[in-house]
Amino acid sequence: MALSVEEREQFLAEPHIGVLSVVESAGRGPLSVPIWYQYRPGGVLWIRTGTDSRKARAIRAAGRFTLVVERSEPTVRYVSVEGPAEFGDDSHALSLEMAARYLPRDRAEQFVDYEREHLGEHLVITMRPEHWLSSDMGAL
């Protein structure tokens with residue numbers, strides 16, 4: 001059963017691990033990778049990735065991407081969103097916001113420090129969802 005607009009936006013706002021998919025080249029399936037993301041109901045979804053990562057290059061070329069989030073407990077539920085991508089600058093504050101969404105605060109600071117030192121520069125890619133698919137199998 002499809003989720004209401006409010007239900008799907010609230011579910012997407014929860015800190016699930018997303019699977020990002022983007023067409024990378026003709027004749028192959030899409031590049032699909034797990035990723036952290038941030039979303040607030042009614043707003044834009046955003047991710048962070050290396051400035052020259054495979055994901056960033058593919059999204060630049062395609063101009064859009066898809067993100068799917070799901071859970072299996074207490075019922076199987078998923079939300080899939082797709083839309084155009086826009087690129088922006090990263091910042092320490094955004095890095096920390098994303099890390100703190102998924103890690104305890106003290107570990108988030110350590111992660112951001114590690115990331116800056118060992119993983120290089122990042123950028124922010126935003127998407128305003130244009131197309132939604134959602135379902136809650138427990139509602140059947």
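These are my notes on the fold, the salt bridges and two buried regions of this structure.

**Entry 1: the model as a whole.** I am working from a predicted model, and I began with its secondary structure. I counted four helices and eight strands in the protein, and reading from the N terminus I wrote their order down as α-β-β-β-β-α-β-β-α-α-β-β. The radius of gyration came out at 15 Å, close to the 14 Å that the globule rule gives for 140 residues, so I noted the protein as being as compact as a globular protein of that length. For the C-alpha trace I recorded spans of about 50 × 40 × 25 Å along the principal axes.

**Entry 2: burial, contacts and surface.** I then looked up how much of the chain is covered, and found that 44% of the 140 residues count as buried. Taking contacts between residues at least 6 apart in sequence, I noted that 70% join residues at least 24 apart. The accessible surface comes to about 7,800 Å², and carbon and sulfur atoms account for 53% of that surface. On charge, I listed 16 positive and 21 negative side chains, with the centres of the two sets lying 3 Å apart.

**Entry 3: salt bridges.** How many salt bridges does a search of the whole structure find? I got ten, and I followed up three of the pairs, beginning with Glu115 and Arg48, whose side chains meet at 2.9 Å, N to O. This pair links distant parts of the chain, since Glu115 belongs to helix H4 (residues 105-118) and Arg48 to strand E4 (residues 45-50), 67 residues apart. I checked accessibility as well, and both Glu115 and Arg48 are buried. The two also take part in a network of salt bridges in which Arg48, Asp90, Glu115 and Arg116 are linked.

The second pair I looked up was Arg64 with Glu82, where the closest N and O atoms are 2.3 Å apart. Arg64 lies in strand E5 (residues 64-71) and Glu82 in strand E6 (residues 77-89), so this salt bridge ties together parts that are 18 residues apart in sequence. Arg64 is partly exposed, with a relative accessible area of 29%, whereas Glu82, at 18%, is buried, because the cut-off for buried is under 20%.

The third pair was Asp52 with Arg57, whose closest N and O atoms are 3.8 Å apart; I kept it as a salt bridge because the limit is 4 Å. Asp52 counts as exposed at 52% relative accessibility, the cut-off for exposed being over 50%, while Arg57 counts as partly exposed at 43%.

**Entry 4: helix H1 and Val69.** Which residues of helix H1 (residues 5-13) are buried? I listed Arg8, Glu9, Phe11, Leu12 and Ala13. Their cover includes strands E3 (38-39), E4, E5 and E6, helix H3 (92-102) and strand E8 (131-136).

I went on to Val69, which is found in strand E5 and counts as buried at 1% relative accessibility. Leaving aside residues up to four places away in sequence, I found that Val69 touches Phe11, Leu12, His16, Ile17, Gly18, Tyr37, Arg77, Tyr78 and Val79. Phe11 and Leu12 are also among the buried residues of H1. For Glu9, another buried residue of H1, I noted a C-alpha separation of 11 Å from Val69, with their positions 60 residues apart along the chain.

Note on methods: Residues are numbered from 1 along each chain as its sequence is written. This is a predicted model: local features need pLDDT of at least 70, side-chain atom pairs count only at pLDDT 80 or more; totals for chains, interfaces and linings use all residues. Side-chain values use heavy atoms; hydrogens and water are left out. Helices (H or I, at least four residues) and strands (E, at least two) are DSSP runs, numbered from the N terminus. Buried means under 20% relative accessible area, exposed over 50%, partly exposed in between (1.4 Å probe, protein chains only). The radius of gyration is taken over C-alpha atoms; the globule rule is 2.2 Å times the number of residues to the power 0.38. Contact means heavy atoms within 4.5 Å. Accessible areas come from the Shrake-Rupley method with a 1.4 Å probe; for residues, only the protein chains shown count as cover. Lys and Arg count as positive and Asp and Glu as negative; His and the chain ends are not counted. The place of a charge is taken as NZ of Lys, CZ of Arg, CG of Asp or CD of Glu.
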